Amino acid sequence: MEESHRHYGLRRKLVNVLKTKGISDPGVLEAIGKVPRHAFLDKAFIETAYEDRAFPIGEGQTISHPYTVAYQTQLLEIRKGDRVLEIGTGSGYQAAVLAEMGAQVYSIERIKKLYDHTKPILKSLNYKKIMCFYGDGFLGLPDLAPFDKIIITAAAPEIPEDILRQLKIGGIIIIPYGEGEKQLMLKITRKGDFQFEQETLDTFSFVPMLKGTKEKAIKK
Ligand code: SAH
């Protein structure tokens, strides 16, 4: 994928837009300034890739707004070396932002076509710190748990119990919570084995988090 000065300039502009919208974590802004968002989108969107907009990525799914990606990432308080579980790989852009910040990312996608599409894109961009998995994010990755941080990038109809168990004590999980059009962003910090502290933040709009894989869906 060709990388031009023009894309670099557009990313600088995007970083400034995100700053005016309230993103202040320098690590997040730096990562957004580096990740080539156009490489995660269909060529049709190459001219608009650095606008603060969501775009279709196929299979009825979307790449989140850069603001949403920055907002969730900022809440995760990423430190170099954090092991992060992402639920909803989608385009791979959010995973790339996390990896750019030095996180080791484990990302799950329930739609095989998206998994097959995104994995080679991340590989071609040389993101070695991202491992992609095809499966149901409601189950997490018990064999690789516990994680320092967990990010859900689809609207969760409930707070998944299995996932909470896979968070380290002291760890943070960010969840867009709720069914229907709008979700509330929750930040949950694990304080002890059975102790969780919850903060309710702003309203967002995500595609739904669904049970099972698309190819083997589980009816509610
Ligand atoms: N983080 C993505 C956002 C993609 S949209 C990005 O940066 O582009 C949310 C994604 O979550 C969709 O691809 C959808 O298929 C996926 N998803 C929904 N429910 C899921 C589940 N139970 N397990 C894994 N992925 C899921």
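Which atom of the ligand lies 2.9 Å from a polar side-chain atom of glutamate 86? In this predicted model, the partner of that glutamate 86 side-chain atom is a nitrogen atom of the ligand, at 2.9 Å. A nitrogen atom of the ligand also lies 2.9 Å from a polar backbone atom of glycine 88, while an oxygen atom of the ligand is found 2.6 Å from an N or O atom in the side chain of serine 91. Of the 580 Å² that the ligand exposes when taken alone, 99% is buried by the protein.

The shell around the ligand comprises 27 residues, the closest of which are Gly88, Ser91, Glu109, Gly137 and Leu210. Sorted by class, this shell contains 12 nonpolar, 11 polar and four charged residues. Two or more shell residues come from each of strand 2 (61-63), strand 3 (83-87), helix 4 (93-100) and strand 4 (104-109), and strand 2 contributes the most, with three residues.

The ligand occupies the space of the largest pocket, which holds about 610 Å³. The lining of this pocket is formed by 37 residues, and those nearest its centre are Gln61, Thr62, Thr153, Ala154 and Val207. Strand 2, helix 3 (66-75), strand 3, helix 4, strand 4 and strand 9 (195-204) are the elements that each provide two or more residues to this lining. In terms of residue class, the lining of the largest pocket consists of 17 nonpolar, 16 polar and four charged residues.

Definitions and conventions: Residues numbered from 1 in each chain as written. Predicted model: local features only at pLDDT ≥ 70, side-chain atom pairs only at ≥ 80, totals over all residues. Heavy atoms only, no water. Near = heavy atom within 4 Å. Polar contact = N/O pair within 3.5 Å; in protein donor to acceptor, adjacent residues only side chain to side chain. Areas by Shrake-Rupley, 256 points an atom, 1.4 Å probe, with all protein chains shown as cover. 1 Å grid on protein atoms, 1.4 Å probe; cavity = no way out; pocket = protein on both sides within 12 Å on 5 of 7 lines; lining within 4 Å. Sits in = over half its atoms within 2 Å of the grid points. Helix = DSSP H or I, 4+ residues; strand = E, 2+ residues; numbered from the N terminus. Nonpolar A, V, L, I, M, F, W, Y, C, P; charged D, E, K, R; others polar. Points joined across faces, edges and corners; volume = space filled by probe spheres on them.
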